Amino acid sequence: MKDLLIYIAQNLVDNPDEVSVTERGTESETVFELRVNPSDMGKVIGRQGRIAKEIRALMRSVAQRQGKRISVDILD
């Protein structure tokens with residue numbers, strides 16, 4: 001799933017080499033922390049947060065199929 005998030009983010013931004021994802025896990029949920037170049041934050045978040053919301057929904061959908069719970073945090 002980490003690779004899917006990296007793939008999605010790299011295809012949205014102008015600086016794909018600066019995309020990084022850190023995975024933190026708790027017993028009930030996995031948290032993916034997405035970091036991009038500050039100039040690309042708008043492209044990942046989108047107008048009124050629409051792109052970020054869709055990334056989270058897509059990742060949640062994939063996780064549910066695997067019987068897992070995840071969340072995606074976009075950090076600067």
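**Group meeting: sheet, helix and a buried aspartate**

Good morning. I begin with a pair of strands: β1 and β2 are antiparallel to each other, and six bridges hold the pairing. Please keep in mind throughout that the model is predicted.

The connection between these two strands is a hairpin, with four residues leading from β1 to β2. Within the pair, Thr22 lies opposite Glu33 of β2, and Glu23 lies opposite Phe32, also of β2.

Phe32 takes us across to the next strand, since its bridge partner in β3 is Val72. Here β2 and β3 run parallel, and they are joined by six bridges.

Let me now put the strands together. The sheet is open and has three strands, ordered β1-β2-β3, with mixed pairing. Its edges are formed by β1, residues 20-25, and β3, residues 70-75, each of which pairs on one side only. From one strand to the next, the twist averages 20°. As for β2, the strand is mostly covered, with five of its six residues buried.

I turn next to helix α1. Which residues of α1, spanning 2-12, are buried? They are Leu5, Ile8 and Ala9. These residues lie on the same side of α1, because the arc they cover around the axis is only 95°. The other side of the helix carries exposed residues, namely Asp3, Tyr7 and Asn11. What covers the buried residues of α1? The covering elements include the strands β1, β2 and β3, together with helix α3, residues 50-65. The sheet strands already described thus reappear here, as part of the cover over Leu5, Ile8 and Ala9.

My last item concerns a single charged residue, Asp40. It sits in the loop that runs from β2, residues 30-35, to α2, residues 41-45. Is Asp40 buried or exposed? Asp40 is buried, and yet it has no salt bridge. The nearest side chain of opposite charge belongs to Lys43, at a distance of 4.2 Å. A salt bridge is counted only within 4 Å, so the pair does not qualify. Which residues does Asp40 contact, if neighbours within four places in sequence are left aside? The contacts are with Val13, Asp14 and Asn15.

To close, I return to the two places I would ask you to view in the structure. One is Phe32 in β2, which stands opposite Glu23 and has Val72 in β3 as a bridge partner. The other is Asp40, buried and without a salt bridge, in the loop between β2 and α2. Thank you for your attention.

How values were computed: Residues are numbered from 1 along each chain as its sequence is written. This is a predicted model: local features need pLDDT of at least 70, side-chain atom pairs count only at pLDDT 80 or more; totals for chains, interfaces and linings use all residues. Side-chain values use heavy atoms; hydrogens and water are left out. Buried means under 20% relative accessible area, exposed over 50%, partly exposed in between (1.4 Å probe, protein chains only). Lys and Arg count as positive and Asp and Glu as negative; His and the chain ends are not counted. Contact means heavy atoms within 4.5 Å. Two strands pair if DSSP finds at least two bridges between them. Axes are lines fitted to C-alpha atoms, for helices over the stretch in contact, and angles run from 0 to 180 degrees between N-to-C directions. The arc is that of the directions from the helix axis to the C-beta atoms.
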